[in-house]
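Open the structure in your viewer and keep the selection tool at hand. We will go from stop to stop.

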Protein chains: 2
Amino acid sequence: MGVKLGILGLGTVGTGTVQLLQDGAGRHPLLQEIEIYRVGVRSLHKHRAVELSTEVLTTDLEAIVNDPAVDIVVEVMGGLEPARSLILKALNNGKHVVTANKAAIARFGAEIFTAANQAGVYVMLEAAVGGGIPVIQPLKQSLSVNRINAITGIVNGTTNYILTRMQTEGSNFSDVLADAQQLGYAEADPTADVEGLDAADKIAILASLGFDGRINLQDVYCEGIRQVSKTDIAYAEKLGFVIKLLAIAKRNISSFSSSLSVRVHPTLVPKAHPLASINGVYNAILVEGEPIGQVMFFGPGAGAGATASAVSSDILNLVAVLKTKTVDPNLLLACGHQEYCQIAPMAELVTRFYARFLTKDQPGVIGKLGTCFGNYNVSLESIVQTGFQGELAEIVVVTHDVREGNFRQALAEIQSLEAIDSIPSLLRVL
Amino acid sequence: MGVKLGILGLGTVGTGTVQLLQDGAGRHPLLQEIEIYRVGVRSLHKHRAVELSTEVLTTDLEAIVNDPAVDIVVEVMGGLEPARSLILKALNNGKHVVTANKAAIARFGAEIFTAANQAGVYVMLEAAVGGGIPVIQPLKQSLSVNRINAITGIVNGTTNYILTRMQTEGSNFSDVLADAQQLGYAEADPTADVEGLDAADKIAILASLGFDGRINLQDVYCEGIRQVSKTDIAYAEKLGFVIKLLAIAKRNISSFSSSLSVRVHPTLVPKAHPLASINGVYNAILVEGEPIGQVMFFGPGAGAGATASAVSSDILNLVAVLKTKTVDPNLLLACGHQEYCQIAPMAELVTRFYARFLTKDQPGVIGKLGTCFGNYNVSLESIVQTGFQGELAEIVVVTHDVREGNFRQALAEIQSLEAIDSIPSLLRVL
């Protein structure tokens, strides 16, 4: 008989998934084997965009994960609790789990995957990163013959939408945010998106897959886009860059220990770079490996249909597993990590920087800046007096690759110079 | 014990694959289970970039596909024969096959997949399209829950390199081709690339996967890039387009029967389109489906390392299958088609056109053009007299969506006008 799903949640993603599964014609034939057996909701009386019989809908989510008839639990309720507890119970009961919950996986991944491995079942999470874009499965399968050197992504549609509009319209962050909230592209409380926390969850998951180890979310450096000004976007443009919120996981090749840097921050991206032309709510993930070189995955990072596509493809994979009654080591591998990845502190990062200074227009101020940078081995690519803001002269600096710790020391010394009024902007350059 | 490979061919791709497999540290652990058991070559005395013992190297390729000890045959010799016969023999002997041979699959796919299905083994072909880019596996798995509406790709690196250089340098086709040949980006006989034949093989394969049916290669319309002039590239640029050689497979939604259009031709691509910024030797494949929307895969379309990555990922998938001793219906599906897709004749295609006319500078020639187009329901987006070539006036026309048959009829009538000297360019617009 059919494979029985217990779906937890019937919000945007849950509804999209039910719609896709109820409308199987022209899709993969294995979808016909699926029965939507239970759907757990908060209220039985709310109007729903999908038709489900009264015995399918239930408010008892515990009963779903404990029901022996359920083969696969599809967690699309989001949030940390009770999602975490329900996932763990489902796994302990020997059920495979499909989840779109990046926040729960990024925080409780170790616990969840340990439970899955003990029970010999799968946790599938294609929808947790990049919406509908197939990126988890390719990282686990096709790309896993490569040594991954870096994963760099635009993985948050809200912030990319805001930055794209700031770029094209020359607008302020707060104006675009307010408009995005009105249009439904940003939530009423935009913190998780705007502060980079959502992107941090996602890069932690991608790093774990790409570098075969667990990631401690606290080790992921995270800086949002509130500080990105239209002034800096305009200067970046003149210098040949666009500013993007990038999530980056990178192997530190030069260091003796094999550490990673895992971080989220606004970044100046050269216009010719594949990620520079990813605009609006779209997401893209660039994977660099040996021997493949650069591969990029692009698509809708959110939305009911795209996310339902990813959730359903995970369900499909599990149906294939259940039909053949085997555990495919290929699929399982990514859950098997026991070790935590060592993540280097940001001071050890080697990167280029963009900085903007406001200075009292004294003769020799550029020379003084140059001297301070030189004292800490910070080599400059360009230093330009770009104009005036009131009585103050504005100077923009772009460095070559430098150790972040050294750069910060130079900045501290510069800040103490009498000629320096302030350092309004400091951004990393890809 | 290990899984035994019989590799046919030790050229660029074969050598890259052996190098990858011999250097397993930091890659998927299942690669350790692989033994390079036999490698078939033309000459035992040629210097090789990889070390292989004398009992591994052999010139007897028949012996490899007939050897009961061989689990997987990896066909990386290319060409039609003896590749086709060796693949068929391997399959009939119950061996799984990995191949990078788009020409053989596009021509003999029906025969090859029939043999594979009869023997209950797999034919894996990730490397046949898009070099290292994972696109075959995502189409078979992650995206297969979608109804695919269109697959549009830049799948030939040589022509994309030539067009990119023509665009950036304002050069002629023949000059750039000669230079590309010198640099090794184009072959001494560039026919398969430049005439679009290589791209046609690849879109036939992608269409078969995306639309679940066999494709008769003779039905694929194919037009190369020899006729693309720097004049048209410059006009396209002014109109907001770049010219790319696109391979397109699309469901004809409007028609009553469910036919496809499958075609390769130079195309004006709007600059904001995701494929417009794919430059140089890179490939990209854009998949449009319901409910996912647009997803694009980007990466190196050729080269030893990239192709070795794809070949090795196929081998890895098969090793997982062999370890669990099951046939995964998910993997097999794409080989199972019995029916041929119905491909509509080009006259039925609905598309926009760009055309350039040289006319005798008579009063009213634009009016006459407009009348002819109107006679065949060809609606114009723009018609501009762009300048003069000698005594002749040059007029550039861009249409709205029109039926190609109607457009051709209008052109025939226009060609017969006394005021028309010639129609040097005719290109489709995405």
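Select helix α6 (residues 157-169) and helix α7 (residues 173-183), both of chain A. This is a predicted model. At what angle do the axes of α6(A) and α7(A) cross? They cross at roughly 125° and come within 9 Å. That angle makes α6(A) oblique to α7(A), because it falls neither over 145 degrees nor in the range 65 to 115. The crossing is right-handed.

Now show the side chains at this contact. On α6(A), pick A:Y161, A:I162, A:R165 and A:M166. On α7(A), they meet A:F173, A:V176, A:L177, A:D179, A:A180 and A:L183. Sort the residues of this contact by type: eight are nonpolar, none is polar and two are charged.

**Next stop: a second helix pair**

Select helix α3 (residues 83-92) and helix α4 (residues 102-119) of chain A. Here the axes are 8 Å apart, and the packing angle is about 15°. So α3(A) is roughly parallel to α4(A), a term used for angles under 35 degrees. Turn the view to follow the crossing: α3(A) passes α4(A) in a left-handed one.

Which residues of α3(A) meet α4(A)? They are A:R84, A:I87, A:L88, A:L91 and A:N92. Their partners in α4(A) are A:F108, A:E111, A:I112, A:A115, A:A116 and A:A119. This contact between α3(A) and α4(A) holds eight nonpolar residues, one polar and two charged.

**Next stop: a salt bridge inside chain A**

Select A:E35 and A:K4. Their side chains form a salt bridge, at 3.5 Å from N to O. Now look at where each residue sits. A:E35 lies in strand β2 (residues 34-40) of chain A, and A:K4 lies in strand β1 (residues 3-8) of chain A. The two are 31 residues apart, so the pair links distant parts of the chain. Over all chains, a search of the whole structure finds 48 salt bridges.

**Last stop: where the chains meet**

Color chain A and chain B separately. How many residues does each chain bring to the contact? Chain B gives 51 and chain A gives 52. Between them the chains bury about 4,100 Å², with 58% of it on carbon and sulfur atoms.

On the chain B side, select B:V145, B:R147 and B:F298. These lose the most area to chain A in chain B, together 16% of what that side buries.

Keep B:R147 selected and add A:D23. The two form a salt bridge, with the closest N and O atoms 2.6 Å apart. Across the interface of chain B and chain A, the rule finds four salt bridges.

Terms used: Residues numbered from 1 in each chain as written. Chains lettered and ligands numbered in written order. Predicted model: local features only at pLDDT ≥ 70, side-chain atom pairs only at ≥ 80, totals over all residues. Heavy atoms only, no water. Axes fitted to C-alpha atoms, helices over the stretch in contact; angles between N-to-C directions. Helix = DSSP H or I, 4+ residues; strand = E, 2+ residues; numbered from the N terminus. Left-handed = near helix turned anticlockwise from the far one by under 90°. Contact = heavy atoms within 4.5 Å. Nonpolar A, V, L, I, M, F, W, Y, C, P; charged D, E, K, R; others polar. Buried area = accessible area lost by both parts, 1.4 Å probe.
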